Amino acid sequence: MNEIASMGSFPEASFAIGGQNVYRMRKSEDVGISDRWLERLRTLKPGIEELQRFFPTAAERDAAERREREGDEEELLYTPTPPERPVLIIESEINIIENPAFTHCTARDQIHDLANYLGDDLDEELLRGLCIIFIRSHVIEGEEKKRFILSHEWMHTMQHGSYNIAEMERLWWIEGSADWGAHKVVEGFTERDHKIEQFFDRQPDCSLTQHDYDAQTIFFWGEQTFGTDWGISLGMGGPEYLDAPHRAAQILPPEQWLDWAISQADHKITMPDGRDLPFNAKVELLDLAHSCKAAIEGPPLSVQLRELKFPEDSASLLTIDPQGAQLAYRAIDADDIGRPSSWTPITETVEIEPSSGNLLLAAIMPSGNDLNVQLKLESSDTSNCACHIGRWQEVATADSEAQDTFEGALEAIEMARAFVPPEELEELEKAKRMISSSDTKDRFRFRGAAEQIFELGGEGDVTYANEGPIVTFKGGGEFIIEDPHRIYGDKTEVNYYTYIHSGRWDIEDGKLKLDLQKFTYEATVEGPSSDGPQNISGSNKHTSYVGGGGDWIMSCEGSGVTLIPADIKERGPGKDAVLKAHE
């Protein structure tokens with residue numbers, strides 16, 4: 001306050017915004033110089049007064065207070081007091097706070113303690129209920145930002161007309177409505193876009209009451225849905241009314257909370273000036289192919305959006321139990337942005353038919369309880385949904401300690417070298433190359449060995465279409481292994497564009513049992529005397545060297561699956577199959 005002491009006596013009112021007189025205190029060396037802050041406020045005056053028009057008159061507020069005393073609960077929102085507090089604007093270089101500006105108001109019927117720093121000739125009535133807007137001009141860059149900050153702080157002076165809040169306390173409806181009001185006055189402002197993004201980033205894990213400045217988004221929606229007077233009424237509420245989820249839930253009836261969730265899902269919320277929001281709510285994938293049941297969880301008054309995916313070939317009914325939440329779903333159309341399908345609300349446990357496409361779900365718990373929607377596929381077994389169902393690509397898992405099945409053979413060749421006649425050494429080297437060319441570490445559990453057999457006669461080259469074999473586990477117990485590749489050696493080329501092993505899977509006693517049953521291929525082959533590529537194809541019972549059969553233990557984490565041999569002695573160490581999601 002030492003800055004204030006050096007500024008002299010309380011000034012005359014410069015002008016008024018509605019019923020609020022505007023005062024300006026400046027340093028003595030600035031007197032007589034053009035006052036840019038007052039000029040800005042004059043340009044903002046029409047927009048602020050347009051907001052003030054939505055405050056009730058004194059007679060309307062008296063009537064609302066009378067209804068409240070008589071127990072009439074028709075009005076759930078507070079009826080705000082028309083703003084009449086005087087406002088003093090002071091520029092300050094105070095650096096003990098981060099905010100570029102802040103507002104401090106005394107109690108409505110009290111004299112501001114600013115009187116302690118001014119002369120005895122002061123008319124104390126001028127300081128009764130005074131609000132001071134402190135502006136840290138030296139940290140604010142840009143004209144639009146200065147106008148927005150000034151509008152935001154003026155909203156606080158109007159809020160203080162309805163109630164008294166603790167200094168610097170960031171309550172969601174106070175800061176959210178102040179930013180909303182500033183956007184109404186300063187149209188097209190974009191420097192608060194990061195707060196809108198923050199709202200949607202935090203929403204999945206935060207109750208509405210845990211937000212602050214970013215809560216402006218609900219005011220954008222509320223104004224569109226109910227009108228500007230709704231935003232003014234809510235923004236002028238009291239801390240004893242809105243700071244807990246169960247009380248904040250009383251702002252709207254349950255079905256209107258669902259409308260708030262659906263508006264986010266449909267991207268229908270706009271900025272106060274009609275622009276699209278710079279960011280929108282995120283949708284999480286909920287894949288029932290990984291489990292026959294799932295839950296949608298979240299804190300109260302948080303919107304949760306899910307894209308629901310059914311297991312392939314699922315015929316089971318889906319049971320949805322909202323457990324007190326407000327929930328709705330709709331089909332996700334191919335042309336979803338242009339003509340979205342209609343929403344179906346759910347208020348109690350229902351059964352719905354599985355959809356061939358994905359569904360979009362919007363859920364919210366309009367009370368103080370946590371959200372916990374339960375979903376379950378009825379009459380399903382593990383052949384329809386399990387965590388390993390999906391399309392995967394195997395990742396190489398070479399292990400230096402893995403068992404080398406040909407290690408003994410190579411040692412035997414070296415030992416035999418001393419006993420082989422010179423004219424037979426070439427054959428010995430050929431055998432060594434043949435063995436060394438084989439993938440003795442079994443780096444991929446689901447990759448065929450046909451190319452290794454092809455190479456046994458000499459040098460060769462193998463090129464795969466994918467880094468690892470593609471393994472698809474389908475609902476109903478079918479699986480296939482796709483590993484197309486090209487082999488070239490000794491002037492002969494084979495191009496396997498279809499190279500599929502297939503079989504059945506089942507789960508017994510917690511173990512995934514894989515039974516390889518069939519091998520199918522389509523290819524072209526070309527050699528020195530083939531007169532161009534020749535088509536070949538075939539299908540037979542499984543006789544390939546590909547691994548992957550037998551019993552496995554599944555370990556599903558995030559977007560990957562690890563299959564661990566059920567009998568480690570049988571397969572040796574380092575024989576896990578590691579799969580990652582494949583599009």
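In this predicted model, a natural place to begin is the start of helix α2, where a side-chain oxygen of D35 comes to within 3.2 Å of the backbone nitrogen of W37. Helix α2 covers residues 36-52, and its 17 residues should span 24 Å at 1.5 Å a residue; the end C-alpha atoms are indeed 24 Å apart, so expectation and model agree. Along the way, α2 bends by about 45 degrees at K45, and a proline, P46, follows within four residues. Buried positions in this helix are W37, L38, R40, L41, L44, I48, L51 and Q52.

Helix α4 makes a helpful companion to this picture. Its 18 residues, 143-160, should span 26 Å at 1.5 Å a residue, and the end C-alpha atoms lie 26 Å apart, which agrees. Helix α4 is mostly covered, with 15 of its 18 residues buried. Turning to W154, its contacts, not counting residues up to four places away in sequence, are I17, Q20, V22, L41, I48, Q52, V87 and I133. Among these partners, L41, I48 and Q52 are also buried residues of α2.

Both L41 and W154 reappear in the nonpolar interior. The largest nonpolar core holds 71 residues, and those with the most contacts inside it are L41, W154, W172, I251, W257 and W260. Helix α5, residues 172-185, supplies the largest share of this core, with seven residues. A second core, separate from that one, consists of 23 residues, including L318, I320, L359 and C385.

Note on methods:
Residues are numbered from 1 along each chain as its sequence is written. This is a predicted model: local features need pLDDT of at least 70, side-chain atom pairs count only at pLDDT 80 or more; totals for chains, interfaces and linings use all residues. Side-chain values use heavy atoms; hydrogens and water are left out. Helices (H or I, at least four residues) and strands (E, at least two) are DSSP runs, numbered from the N terminus. The expected span of a helix is 1.5 Å times one less than its number of residues. The bend at a residue is the angle between axes fitted to the seven residues ending there and the seven starting there. Buried means under 20% relative accessible area, exposed over 50%, partly exposed in between (1.4 Å probe, protein chains only). A polar contact is a pair of N or O atoms within 3.5 Å; within protein, one must be able to donate a hydrogen and the other to accept it, and residues adjacent in sequence count only if both atoms are side-chain atoms. A nonpolar core is a set of buried Ala, Val, Leu, Ile, Met, Phe, Trp, Tyr and Cys residues joined through side-chain atoms within 4.5 Å. Contact means heavy atoms within 4.5 Å.
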